Structure formats: structure tokens, C-alpha cells
Number of protein chains: 2
Amino acid sequence: MQTSLRRAPLVTEICDRLLREHRAVEWLPGERTLSARLGVSRSALREAVQRLEIQGLLEVRHGVGVRVINNPQAPVQATLLRELPDFAERLRQFSEVRLLVEPEIARCAAERGSPEDRRRLQEVHARLGDATDVNHAVQADLDFHRTLADMAGNRILALMLGSIAELEEESRRITLMGVGIGAAFSQHERIAQAVVTGDGPSAREAMVEHVTAAGQASR
Amino acid sequence: MQTSLRRAPLVTEICDRLLREHRAVEWLPGERTLSARLGVSRSALREAVQRLEIQGLLEVRHGVGVRVINNPQAPVQATLLRELPDFAERLRQFSEVRLLVEPEIARCAAERGSPEDRRRLQEVHARLGDATDVNHAVQADLDFHRTLADMAGNRILALMLGSIAELEEESRRITLMGVGIGAAFSQHERIAQAVVTGDGPSAREAMVEHVTAAGQASR
DNA sequence: ACTGGTATGAGGTCAGACCAGTTGATTAAA
DNA sequence: TTTAATCAACTGGTCTGACCTCATACCAGT
């Protein structure tokens, strides 16, 4: 049915085409339509879709359809969960990584962030102050750290931290309640201040204290 | 709003069973045999196998068969390649991460490694001295760092570093040739010495110099 | 305005056929 | 006897078309 002489397996080709031709689409056509359009069988198309789903690039919903997303953290998270099935141990190693990576991210963010970035950071930071309930606070907290990671300009560190943070959203809720939103906010305040003024070492320092305090609280 | 009542999708169940019942097997039975044994269709079985392949738990070889492996780095590597398609930029961020993570790993390895670990490290280290050609040297170099990561007892850091290292095997070859195997060996020597004697700070320091030197060479 | 059916279209699973690499035994040639 | 070509029997890869389940919207009856 299909003609080309390919060296790469069909499925990987389909993956590429799906990504290339549907980057800007939200919901993509049904599997039957798609397979016909690409000139491949539905099974091959399905394998490709499944692959992209696992890689966090598509979301498949039974009875609804397939939509384009972009969650590069998904595969990392799956790996971490498999490698560290024990909750406590996972938490321990997460803290260790955060204590190592977050201060460095704060420093880089302070030294590399653009004015636009800094504005954005302050805005995100303000959201923690405005947070009414714990859920909002957790979300604002996550966003604050995520924004810093983006500013730091290292995709790898951002990826790791993002994966970790989302996996521990639950325990972060506990942390926030333990430390108190106010305390967290004032710690963020110091960090944001240092970052906005471009003071790398101070940002680093403030972050060390923040992460350490969080680590204490979750013990 | 949906929960509790629905059974898990067939494919995920198959994944679980495959992992559980074939953990100790090397090559698993053919797809037809397997699907019959599990009482599911070959397509469902194939989807499960593919899933595990992407997660680095199975290796599928056309015309040969499917075998059990354990390469948790695979999904992370795929993600990194997609997130950082540009070679130079990837290399830059990799160096940044290595400079941050490797020293900490060396320190932890020194402070946490068991006597058995230390013996193993020295043995691996010796292999770099015995290396006859560049390929062997690169392999020994990778193993040295991998061993340290294992000793440090943090799976996340080990995972990051492992993914990065394998992706940059080529450029590490260049580095090794640039610095010279002898120089690399003597840098490793200092690290190994510090780790074996349990001197964390020295190990950290030695590693900083080693990674820095490697970073210089690849410029 | 609510309830319950049902039509529709999505993904999920199935069966069986055929295509395409691998391997090793068999067989023909040196 | 040795060696090289061949073929048969695996393996996974792809295709087809059918049927099942799920989610949704629409509509008839209350």
C-alpha cells in the first residue's frame, strides 16, 4: 500500500510526520482518518501515537480523541517512579537533588535573566502572596521555581527539577502548611529580590536557606 | 469525574505481567507464543512490548526476538535529544550540569562508599591505565564516572549523568584525545585516592578540576 | 427542567493474513 | 574436506477489517 523505500522503521517516520504536521493543532483527526491520510494502517499509526504519548507529546483519551500537548517531563517522571518506588527514599533523594540544583539555578537566573524575565518572576511571586487557599499556594510555589528554572537557561536542570517538583506536589503541600505560607513567601521574597537585582551569590544563598527550611519541614 | 470502577487498560496490565513474570529471563518467547499464553491478542501484546521498549526495559530486534534489558536512561536521553537538538548548545548545557553534579557525586561517593565499592572503583580506575586504544579508554572513563555515581547513592543524579555521558560519548572521545589519556588518568588518580580514603572535600575538589579541564579541552 | 435512551464517533481489542529481517542447517560447488 | 550458496523456519513488522467499550450530544418521555 505504501511505496517509499525506507531504512527507518515506518513507525518512527510516522512519529516525525505527526509532530511536524500537527505542531500547531490541538485535537488531531481520528485514527482512521489520520492513518488514511498518511497512507499507513491504523495499527502502525496507533503505535506511533502511543510512542508520542509515552514521550509526553500527545494525550490520548478513550472515546474522545488525541490531542497535542508538550510535557517532556512525563518520561522522566515515569522513570523516577520506577527507579524509586519507595516514597520516603524518593523524597530523600529529591531533597538532595533540590539542595544541589536549586541554588545554582537561582544564581544563574540572577545572572542571566532578561528584564522581561524579572518582571515575570515578580508577577509569579506576587501570586503566592495573593494565594487564598493551600492549593493556589502550592501552584504559585511550583510556578515560582519553574520560572527561575526557565530563567537559568539550562533545559536539563529545568527538566529534572520540573519532574521532581510535580511528583512531590503532595508532599510540598504538607511542607507549605508546616512552614506556613507567610514564611515561604518571605523566603521567596529574598530570592526574588536578589534575582531581580542580578545578585547571583545572594540569590544562591537565599535559595539554600529556602530549600533547607523546606527540607526540615518535611521531616 | 471518573474513577474507581474501571479496570486498568489491558495494555498496562500486560506490561505489568511481562515485567513480573520475565524479570529473570533473557530472551522472552515470540510474540505469538506470548500473546497466546497471556490470553490476549498479538496487537495488544505488541503495544505492551513497545511501551516497555521505549521505557528502556525491553530491546526488540527484528527477526531475532525480544530481550529483557534495563536501561532507564533511554527515555531521558530521548527527551534530551528532542529538547536540545542543537549539538553545540547541548554540549554546553551538558558541561554545565556535569560541573555542578559530578563534584557533588564525588564527595558523596567518598563519604558513603562501602569498602567493596572502593575496591571496585580502584579496579575500574586501573582499566583506564591499561587501556590500549581510545575506545577502551573512553569506555573505562565512562565506567569510572558511572561507578562513582553508583557509590554516591543517589539514583537521580546517577540517571542524569548516565544519560548525558552516553549521549556525549563521541565528544568525550575527542576530549580524551585532546587532554591525553595519561593526563586523564592522573586526574582520575587524585579523585580515586580521595574517594578511597573517604576524603569528601578533596574528592570534590579533584573532580572540579577534572571536569573543568575536560570542559576546556572540548572547546 | 429533569430523566433516560440512543445515535455517533472516538479509542481499544481482536483475528488472521502477509511482508521483511535473521539464523542455521542443508546442499551444491571448489 | 572445505567453502559458499541456498533455503526453510523462526523472529518481529505491517495491513485489513471487524467488533467492543467509552464519552458525548441530542432527543423523547416524564
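# Close-ups of a protein–DNA model

**View 1. Arg92(A) is partly exposed, with a relative accessible area of 35%.** "Partly exposed" is the middle class, between buried (under 20% relative accessible area) and exposed (over 50%), worked out with a 1.4 Å probe on the protein chains only. Before we go on: this is a predicted model, in which local features need pLDDT of at least 70, side-chain atom pairs count only at pLDDT 80 or more, and totals for chains, interfaces and linings use all residues. Residues are numbered from 1 along each chain as its sequence is written, chains are lettered from A and ligands numbered from 1 in the order in which they are written, and side-chain values use heavy atoms, with hydrogens and water left out.

Now, who is the partner of Arg92(A) in a salt bridge? It's Glu89(A), and their closest N and O atoms are 3.0 Å apart. To count as a salt bridge, a side-chain nitrogen of Lys or Arg must be within 4 Å of a carboxyl oxygen of Asp or Glu. Both residues sit in helix α5 (residues 87-112) of chain A, three residues apart, or about one turn of the helix. Helices here are DSSP runs (H or I, at least four residues), strands are runs of E (at least two), and both are numbered from the N terminus. Glu89(A) is partly exposed too, at 28% relative accessible area.

**View 2. In chain B, Glu89(B) and Arg92(B) also meet in a salt bridge (3.1 Å, N to O).** About one helical turn separates Glu89(B) from Arg92(B), because they are three residues apart in helix α5 (residues 87-112) of chain B. With 29% relative accessible area, Glu89(B) is partly exposed. Arg92(B) is partly exposed as well, at 36%. Meanwhile, in chain A, salt bridges with shared partners tie Glu26(A), Glu59(A), Arg61(A) and Arg67(A) into one network.

**View 3. Arg67(A) and Glu26(A) pair up in a salt bridge, 3.0 Å from N to O.** This pair links distant parts of the chain: Arg67(A) is in strand β3 of chain A, while Glu26(A) is in the loop between α1 (10-21) and β1 (27-28), 41 residues apart. Glu26(A) has 46% relative accessibility, so it counts as partly exposed. Why can such pairs form? Side chains of opposite charge can pair when their charged atoms come close. Over all chains, a search of the whole structure turns up 46 salt bridges.

**View 4. DNA strand C has 24 residues around it.** The closest are Glu31(A), Arg42(A), Arg46(A), Leu10(B) and Ser41(B). A residue is near a strand if one of its heavy atoms lies within 4 Å of it. Look at the atoms of strand C within 4 Å of the protein: 59% belong to sugar or phosphate, and the rest to bases. The side chain of Arg46(A) has an N or O atom 2.8 Å from a phosphate oxygen of strand C. From chain B, a backbone N or O atom of Leu10(B) is 2.9 Å from a phosphate oxygen, and one of Gly63(B) is 3.0 Å from a base nitrogen. Which element gives the largest share of the surface near strand C? That's α3(B), with three residues. By class, the surface has nine nonpolar, eight polar and seven charged residues.

**View 5. Around DNA strand D there are 28 residues.** Here the closest are Leu10(A), Ser41(A), Glu31(B), Arg32(B) and Arg46(B). A polar backbone atom of Glu31(B) is 2.8 Å from a phosphate oxygen of strand D. Two arginine side chains reach bases: an N or O atom of Arg32(B) is 2.6 Å from a base nitrogen, and one of Arg42(B) is 2.8 Å from a base nitrogen. Of the strand D atoms within 4 Å of the protein, 61% are sugar or phosphate atoms. The biggest contributor to this surface is α3(A), with three residues.

**View 6. Chain A can be laid on chain B with an RMSD of 0.2 Å.** Doing this takes a turn of 180 degrees and a shift of 0.1 Å along the axis. The two copies are thus related as by a two-fold rotation axis. The superposition is by least squares on the C-alpha atoms of residues with pLDDT of at least 70 in both copies. The copies meet through the same surface, because 97% of the interface residues of chain A are also interface residues in chain B; contact means heavy atoms within 4.5 Å.

Key
Polar contact = N/O pair within 3.5 Å; in protein donor to acceptor, adjacent residues only side chain to side chain. Nonpolar A, V, L, I, M, F, W, Y, C, P; charged D, E, K, R; others polar.
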